[in-house]
Amino acid sequence: MSISKVAKAAANAAYAPYSGRKEACVIEYISGGKPELCVGVTLENCAYPNSVSAVHSAIVDLRTRHHYTKAVQVRSVHFYSVKGGIPSPRDLGLLAEFQSENFNEVEVVDGKTISLDAYKRPHNPLPLCNSFKYPEGKIPEDYADMVYAGKESFDDNEKALLKECLLGMQKAWPQHSAFCVGAAFQVELEDGSIKTFHGGNVELFDLVDGLCAERTTLCRVANTFSSSMYEGPKPKRVIRGACALFADSLASPCGGCRQNLAEWGAFPMYLLQCDPKKKTYIVEKRDTTSRPDTLKTLLPMAFTPADLGTTASPIAK
Ligand SMILES: [Zn+2]
(Lines give C-alpha, C1' and ligand atoms only; values in the text may rest on other atoms or scores of the structure.)
Protein backbone atom coordinates (compact mmCIF):
# COMPACT_ATOMS: atom_id res chain seq x y z
CA MET A 1 0.00 0.00 0.00
CA SER A 2 1.36 3.44 -0.91
CA ILE A 3 2.02 5.95 1.87
CA SER A 4 -0.77 8.24 0.70
CA LYS A 5 -3.20 5.29 0.87
CA VAL A 6 -1.98 4.52 4.41
CA ALA A 7 -2.76 8.15 5.31
CA LYS A 8 -6.25 7.99 3.77
CA ALA A 9 -7.13 4.73 5.56
CA ALA A 10 -5.89 6.07 8.90
CA ALA A 11 -7.81 9.35 8.49
CA ASN A 12 -11.03 7.44 8.00
CA ALA A 13 -10.42 5.63 11.30
CA ALA A 14 -9.47 8.83 13.21
CA TYR A 15 -11.37 9.96 16.32
CA ALA A 16 -13.08 13.24 15.40
CA PRO A 17 -16.67 12.90 16.68
CA TYR A 18 -17.04 16.64 17.39
CA SER A 19 -15.71 18.36 14.26
CA GLY A 20 -15.89 15.49 11.79
CA ARG A 21 -12.47 16.63 10.54
CA LYS A 22 -10.83 13.23 10.45
CA GLU A 23 -7.20 13.65 9.49
CA ALA A 24 -4.02 11.59 9.38
CA CYS A 25 -0.33 12.34 9.06
CA VAL A 26 2.10 9.63 8.01
CA ILE A 27 5.78 10.30 8.64
CA GLU A 28 8.34 8.24 6.75
CA TYR A 29 11.60 8.32 8.69
CA ILE A 30 14.92 6.60 9.26
CA SER A 31 16.06 5.29 12.62
CA GLY A 32 19.01 2.96 13.06
CA GLY A 33 19.45 2.86 9.27
CA LYS A 34 15.97 1.41 8.70
CA PRO A 35 13.04 3.18 7.01
CA GLU A 36 9.88 3.18 9.11
CA LEU A 37 6.40 4.71 9.05
CA CYS A 38 4.70 6.51 11.89
CA VAL A 39 0.95 7.08 11.56
CA GLY A 40 -0.74 9.89 13.50
CA VAL A 41 -4.48 10.54 13.59
CA THR A 42 -6.75 13.24 15.01
CA LEU A 43 -7.56 12.59 18.66
CA GLU A 44 -10.38 14.92 19.73
CA ASN A 45 -11.57 15.59 23.27
CA CYS A 46 -15.00 16.71 24.49
CA ALA A 47 -13.17 19.72 25.95
CA TYR A 48 -12.28 20.78 22.42
CA PRO A 49 -8.99 22.66 23.03
CA ASN A 50 -7.60 19.49 24.61
CA SER A 51 -7.77 17.75 21.22
CA VAL A 52 -4.56 16.61 19.52
CA SER A 53 -4.08 17.13 15.78
CA ALA A 54 -2.94 14.32 13.51
CA VAL A 55 0.40 16.02 12.84
CA HIS A 56 1.07 16.68 16.52
CA SER A 57 0.12 13.10 17.37
CA ALA A 58 2.44 11.68 14.70
CA ILE A 59 5.37 13.79 15.90
CA VAL A 60 5.12 12.88 19.59
CA ASP A 61 4.49 9.23 18.68
CA LEU A 62 7.57 9.20 16.44
CA ARG A 63 9.86 10.83 19.02
CA THR A 64 8.74 8.65 21.93
CA ARG A 65 8.79 5.27 20.18
CA HIS A 66 12.62 5.33 20.29
CA HIS A 67 15.12 5.63 23.16
CA TYR A 68 16.05 9.28 23.73
CA THR A 69 19.61 8.73 22.52
CA LYS A 70 18.42 7.40 19.13
CA ALA A 71 18.31 9.93 16.30
CA VAL A 72 15.33 10.01 13.95
CA GLN A 73 15.59 11.49 10.45
CA VAL A 74 12.37 12.41 8.64
CA ARG A 75 12.28 11.62 4.91
CA SER A 76 8.73 12.48 3.90
CA VAL A 77 5.38 13.48 5.38
CA HIS A 78 1.97 12.73 3.91
CA PHE A 79 -1.19 14.42 5.18
CA TYR A 80 -4.80 13.44 4.45
CA SER A 81 -8.02 15.09 5.54
CA VAL A 82 -11.43 13.56 4.79
CA LYS A 83 -12.70 17.11 4.28
CA GLY A 84 -9.86 18.09 2.01
CA GLY A 85 -8.06 20.37 4.46
CA ILE A 86 -4.36 20.99 4.81
CA PRO A 87 -2.26 21.04 8.02
CA SER A 88 -2.66 24.15 10.20
CA PRO A 89 0.17 26.73 10.26
CA ARG A 90 0.98 25.50 13.76
CA ASP A 91 1.32 21.92 12.52
CA LEU A 92 3.53 23.01 9.63
CA GLY A 93 5.70 24.79 12.21
CA LEU A 94 5.98 21.56 14.19
CA LEU A 95 7.01 19.64 11.09
CA ALA A 96 9.60 22.32 10.32
CA GLU A 97 11.47 21.15 13.43
CA PHE A 98 12.43 18.10 11.41
CA GLN A 99 13.62 20.02 8.35
CA SER A 100 16.79 18.75 6.71
CA GLU A 101 18.45 18.58 3.29
CA ASN A 102 16.22 15.60 2.53
CA PHE A 103 12.96 16.85 4.00
CA ASN A 104 11.49 20.25 3.21
CA GLU A 105 7.89 19.75 2.08
CA VAL A 106 4.66 18.03 3.07
CA GLU A 107 2.54 16.10 0.57
CA VAL A 108 -1.05 17.11 1.18
CA VAL A 109 -3.44 15.84 -1.48
CA ASP A 110 -3.23 14.49 -5.03
CA GLY A 111 0.55 14.83 -5.00
CA LYS A 112 0.42 18.55 -4.14
CA THR A 113 3.01 19.75 -1.63
CA ILE A 114 3.51 22.57 0.88
CA SER A 115 7.05 23.90 1.36
CA LEU A 116 8.24 24.28 4.94
CA ASP A 117 10.55 27.17 4.04
CA ALA A 118 8.17 29.79 5.45
CA TYR A 119 8.03 27.90 8.75
CA LYS A 120 11.76 27.64 9.39
CA ARG A 121 12.63 27.97 13.06
CA PRO A 122 15.73 29.67 14.48
CA HIS A 123 17.23 26.58 16.05
CA ASN A 124 19.13 23.43 15.37
CA PRO A 125 17.07 20.40 14.45
CA LEU A 126 16.92 19.23 18.06
CA PRO A 127 14.63 16.24 17.58
CA LEU A 128 17.15 14.65 15.26
CA CYS A 129 19.84 13.85 17.79
CA ASN A 130 20.64 13.38 21.43
CA SER A 131 21.24 16.98 22.34
CA PHE A 132 20.20 17.17 25.96
CA LYS A 133 21.64 15.68 29.13
CA TYR A 134 19.89 14.44 32.22
CA PRO A 135 21.20 15.69 35.56
CA GLU A 136 23.41 13.27 37.44
CA GLY A 137 21.34 10.77 39.42
CA LYS A 138 18.25 11.16 37.23
CA ILE A 139 19.22 9.28 34.08
CA PRO A 140 16.27 7.01 33.26
CA GLU A 141 18.20 3.97 32.07
CA ASP A 142 19.85 3.77 35.47
CA TYR A 143 16.42 2.89 36.75
CA ALA A 144 15.32 0.20 34.33
CA ASP A 145 15.66 -2.31 37.16
CA MET A 146 14.18 -0.13 39.86
CA VAL A 147 12.79 -2.22 42.67
CA TYR A 148 9.21 -2.02 43.87
CA ALA A 149 9.25 -0.98 47.52
CA GLY A 150 5.52 -1.10 48.32
CA LYS A 151 3.44 -3.75 50.03
CA GLU A 152 0.77 -4.53 47.42
CA SER A 153 1.22 -7.60 45.22
CA PHE A 154 0.54 -7.43 41.49
CA ASP A 155 -0.57 -10.02 38.95
CA ASP A 156 1.42 -10.65 35.77
CA ASN A 157 -0.57 -8.13 33.71
CA GLU A 158 -0.07 -5.43 36.30
CA LYS A 159 3.64 -6.22 36.48
CA ALA A 160 3.86 -5.89 32.68
CA LEU A 161 2.14 -2.49 32.88
CA LEU A 162 4.57 -1.22 35.55
CA LYS A 163 7.58 -2.48 33.59
CA GLU A 164 6.46 -0.78 30.38
CA CYS A 165 5.73 2.41 32.28
CA LEU A 166 9.36 2.50 33.48
CA LEU A 167 10.46 1.74 29.92
CA GLY A 168 8.43 4.75 28.80
CA MET A 169 10.71 6.97 30.89
CA GLN A 170 13.60 5.98 28.62
CA LYS A 171 11.62 7.06 25.56
CA ALA A 172 10.85 10.49 27.00
CA TRP A 173 12.24 13.52 25.14
CA PRO A 174 12.40 16.31 27.78
CA GLN A 175 14.95 18.40 25.89
CA HIS A 176 14.27 21.55 27.95
CA SER A 177 13.43 20.33 31.45
CA ALA A 178 15.29 16.97 31.58
CA PHE A 179 12.30 15.92 33.71
CA CYS A 180 11.35 12.56 32.32
CA VAL A 181 7.94 10.95 32.76
CA GLY A 182 6.85 7.50 31.59
CA ALA A 183 3.34 6.20 30.92
CA ALA A 184 1.71 2.93 29.91
CA PHE A 185 -1.79 1.73 29.07
CA GLN A 186 -3.25 -1.74 28.70
CA VAL A 187 -6.02 -2.31 26.19
CA GLU A 188 -8.29 -5.34 26.23
CA LEU A 189 -8.86 -6.64 22.70
CA GLU A 190 -11.98 -8.33 21.35
CA ASP A 191 -10.40 -11.79 21.65
CA GLY A 192 -9.76 -11.18 25.38
CA SER A 193 -6.00 -10.67 25.00
CA ILE A 194 -4.24 -7.58 26.35
CA LYS A 195 -1.98 -5.18 24.47
CA THR A 196 0.33 -2.83 26.40
CA PHE A 197 1.56 0.56 25.13
CA HIS A 198 4.21 2.83 26.60
CA GLY A 199 5.54 6.32 25.94
CA GLY A 200 7.21 9.33 27.51
CA ASN A 201 6.80 13.10 27.63
CA VAL A 202 7.98 15.03 24.57
CA GLU A 203 9.18 18.65 24.62
CA LEU A 204 9.47 20.40 21.26
CA PHE A 205 11.10 23.74 20.40
CA ASP A 206 8.24 25.75 21.91
CA LEU A 207 7.20 24.56 25.35
CA VAL A 208 3.50 24.83 24.45
CA ASP A 209 3.97 22.24 21.71
CA GLY A 210 5.17 19.46 23.98
CA LEU A 211 2.89 16.72 25.20
CA CYS A 212 2.83 14.84 28.52
CA ALA A 213 3.70 11.14 28.73
CA GLU A 214 0.08 10.13 29.39
CA ARG A 215 -1.29 11.96 26.36
CA THR A 216 1.60 10.92 24.13
CA THR A 217 0.91 7.30 25.02
CA LEU A 218 -2.84 7.68 24.43
CA CYS A 219 -1.95 9.10 21.00
CA ARG A 220 0.13 5.98 20.38
CA VAL A 221 -2.88 3.80 21.30
CA ALA A 222 -5.20 5.71 18.94
CA ASN A 223 -2.60 5.80 16.16
CA THR A 224 -1.93 2.07 16.35
CA PHE A 225 -5.56 1.01 16.11
CA SER A 226 -6.32 3.51 13.34
CA SER A 227 -3.46 2.32 11.16
CA SER A 228 -4.09 -0.12 8.34
CA MET A 229 -0.72 -1.64 9.29
CA TYR A 230 -2.32 -3.02 12.48
CA GLU A 231 -3.82 -6.43 11.77
CA GLY A 232 -4.68 -7.77 15.24
CA PRO A 233 -8.05 -8.03 17.01
CA LYS A 234 -10.04 -4.83 17.50
CA PRO A 235 -9.66 -2.89 20.75
CA LYS A 236 -12.47 -3.12 23.31
CA ARG A 237 -11.49 -0.85 26.21
CA VAL A 238 -8.60 0.50 28.26
CA ILE A 239 -8.39 -1.61 31.41
CA ARG A 240 -5.63 0.21 33.29
CA GLY A 241 -2.96 2.87 32.90
CA ALA A 242 0.15 4.06 34.70
CA CYS A 243 2.49 7.02 34.87
CA ALA A 244 5.94 7.22 36.48
CA LEU A 245 8.16 10.09 37.48
CA PHE A 246 10.89 11.01 39.94
CA ALA A 247 9.19 12.84 42.79
CA ASP A 248 9.38 13.47 46.50
CA SER A 249 5.63 13.20 46.87
CA LEU A 250 2.89 11.28 45.07
CA ALA A 251 3.31 11.34 41.29
CA SER A 252 0.16 12.43 39.52
CA PRO A 253 -1.05 13.35 36.02
CA CYS A 254 -1.54 17.07 35.29
CA GLY A 255 -5.03 18.52 34.86
CA GLY A 256 -4.83 18.47 31.05
CA CYS A 257 -4.02 14.76 31.05
CA ARG A 258 -6.83 14.03 33.51
CA GLN A 259 -9.29 15.63 31.08
CA ASN A 260 -7.95 13.52 28.21
CA LEU A 261 -7.96 10.36 30.32
CA ALA A 262 -11.65 10.91 31.15
CA GLU A 263 -12.54 10.64 27.44
CA TRP A 264 -11.20 7.05 27.48
CA GLY A 265 -13.56 5.85 30.21
CA ALA A 266 -13.19 4.85 33.84
CA PHE A 267 -10.22 2.67 34.72
CA PRO A 268 -7.53 2.59 37.42
CA MET A 269 -4.34 4.59 36.98
CA TYR A 270 -1.24 3.28 38.74
CA LEU A 271 0.88 6.24 39.86
CA LEU A 272 4.56 5.30 40.20
CA GLN A 273 6.62 7.52 42.45
CA CYS A 274 10.31 6.80 41.80
CA ASP A 275 13.11 7.48 44.27
CA PRO A 276 16.37 8.13 42.39
CA LYS A 277 18.52 7.76 45.51
CA LYS A 278 17.22 4.38 46.66
CA LYS A 279 16.41 3.16 43.13
CA THR A 280 12.99 2.07 44.29
CA TYR A 281 9.42 3.00 43.45
CA ILE A 282 6.04 2.85 45.10
CA VAL A 283 2.60 2.70 43.52
CA GLU A 284 -0.71 4.33 44.38
CA LYS A 285 -3.91 3.71 42.48
CA ARG A 286 -6.55 6.23 41.49
CA ASP A 287 -9.52 6.00 39.14
CA THR A 288 -9.57 8.20 36.05
CA THR A 289 -13.17 9.27 36.63
CA SER A 290 -15.88 8.40 39.12
CA ARG A 291 -16.74 4.74 39.47
CA PRO A 292 -18.90 3.03 42.05
CA ASP A 293 -15.95 1.60 43.94
CA THR A 294 -13.60 2.72 46.65
CA LEU A 295 -10.68 4.15 44.71
CA LYS A 296 -10.12 7.90 44.91
CA THR A 297 -10.77 9.74 41.68
CA LEU A 298 -8.24 11.71 39.62
CA LEU A 299 -10.85 13.97 38.05
CA PRO A 300 -13.92 14.57 40.22
CA MET A 301 -16.94 16.00 38.34
CA ALA A 302 -15.30 15.07 35.04
CA PHE A 303 -16.53 16.69 31.82
CA THR A 304 -17.11 13.74 29.52
CA PRO A 305 -18.66 13.02 26.09
CA ALA A 306 -21.94 12.31 27.95
CA ASP A 307 -22.11 16.02 28.85
CA LEU A 308 -22.36 16.72 25.13
CA GLY A 309 -25.05 14.08 24.76
CA THR A 310 -22.83 11.62 22.95
CA THR A 311 -21.46 8.15 23.66
CA ALA A 312 -18.34 8.84 21.59
CA SER A 313 -15.27 6.86 22.60
CA PRO A 314 -11.76 6.81 21.15
CA ILE A 315 -11.31 3.13 21.89
CA ALA A 316 -14.52 1.24 21.00
CA LYS A 317 -15.95 2.43 17.70
ZN1 LIG B 1 -0.04 15.92 31.72
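Let's start with the overall layout: the domain assignment splits the protein chain into domain 1 (3-128) and domain 2 (140-308). Keep in mind as you click around that this is a predicted model. Taken over C-alpha atoms, the centres of domain 1 and domain 2 sit 23 Å apart. Where they meet, 29 residues of domain 1 are in contact with 31 residues of domain 2. On the domain 1 side of that meeting, α1 (3-12), β2 (34-41) and α2 each put in at least two residues. The biggest giver there is α2, with 5 residues.

Since α2 has come up, let's stay with it and look at one of its packing partners. Helix α2 covers residues 54-64 and helix α3 covers residues 89-96, and the two pack with axes 9 Å apart at an angle of about 20°. Angles under 35 degrees count as roughly parallel, so α2 runs roughly parallel to α3. As for handedness, the crossing of α2 past α3 is left-handed. If you want to pull up the side-by-side residues, pick Val55, His56 and Ile59 from α2, which meet Asp91, Leu94 and Leu95 from α3.

Now for the inside. The largest nonpolar core holds 86 residues, and the members touching the most other members are Ala24, Ala242, Cys243, Ala244 and Leu272. This core isn't confined to one half of the chain: domain 1 (3-128) and domain 2 (140-308) each contribute at least three residues to it. Ala24 is a handy one to zoom in on. Ignoring neighbours within four places in sequence, Ala24 is in contact with Ala7, Ala10, Ala11 and Ala14, and also with Val39, Gly40, Val41, Ala54 and Tyr80.

Last stop, over in the later part of the chain: helix α6, residues 255-263. How many of the 9 residues of α6 are buried? It's 7 of the 9, so α6 is largely enclosed by the rest of the structure. The buried ones are Cys257, Arg258, Gln259, Asn260, Leu261, Ala262 and Glu263. And what do the buried residues of α6 pack against? That would be α5 (213-226). One backbone detail to check before you leave: just after α6, Gly265 takes a positive phi of about 105°.

Technical notes. Residues numbered from 1 in each chain as written. Predicted model: local features only at pLDDT ≥ 70, side-chain atom pairs only at ≥ 80, totals over all residues. Core = buried A, V, L, I, M, F, W, Y, C linked by C-beta atoms within 7 Å. Buried ≥ 20, exposed ≤ 12 C-beta atoms within 10 Å, placed from the backbone. Domains from an automatic or database assignment. Contact = placed C-beta atoms within 7 Å. Axes fitted to C-alpha atoms, helices over the stretch in contact; angles between N-to-C directions. Helix = DSSP H or I, 4+ residues; strand = E, 2+ residues; numbered from the N terminus. Parallel < 35°, antiparallel > 145°, perpendicular 65-115°, else oblique. Left-handed = near helix turned anticlockwise from the far one by under 90°.
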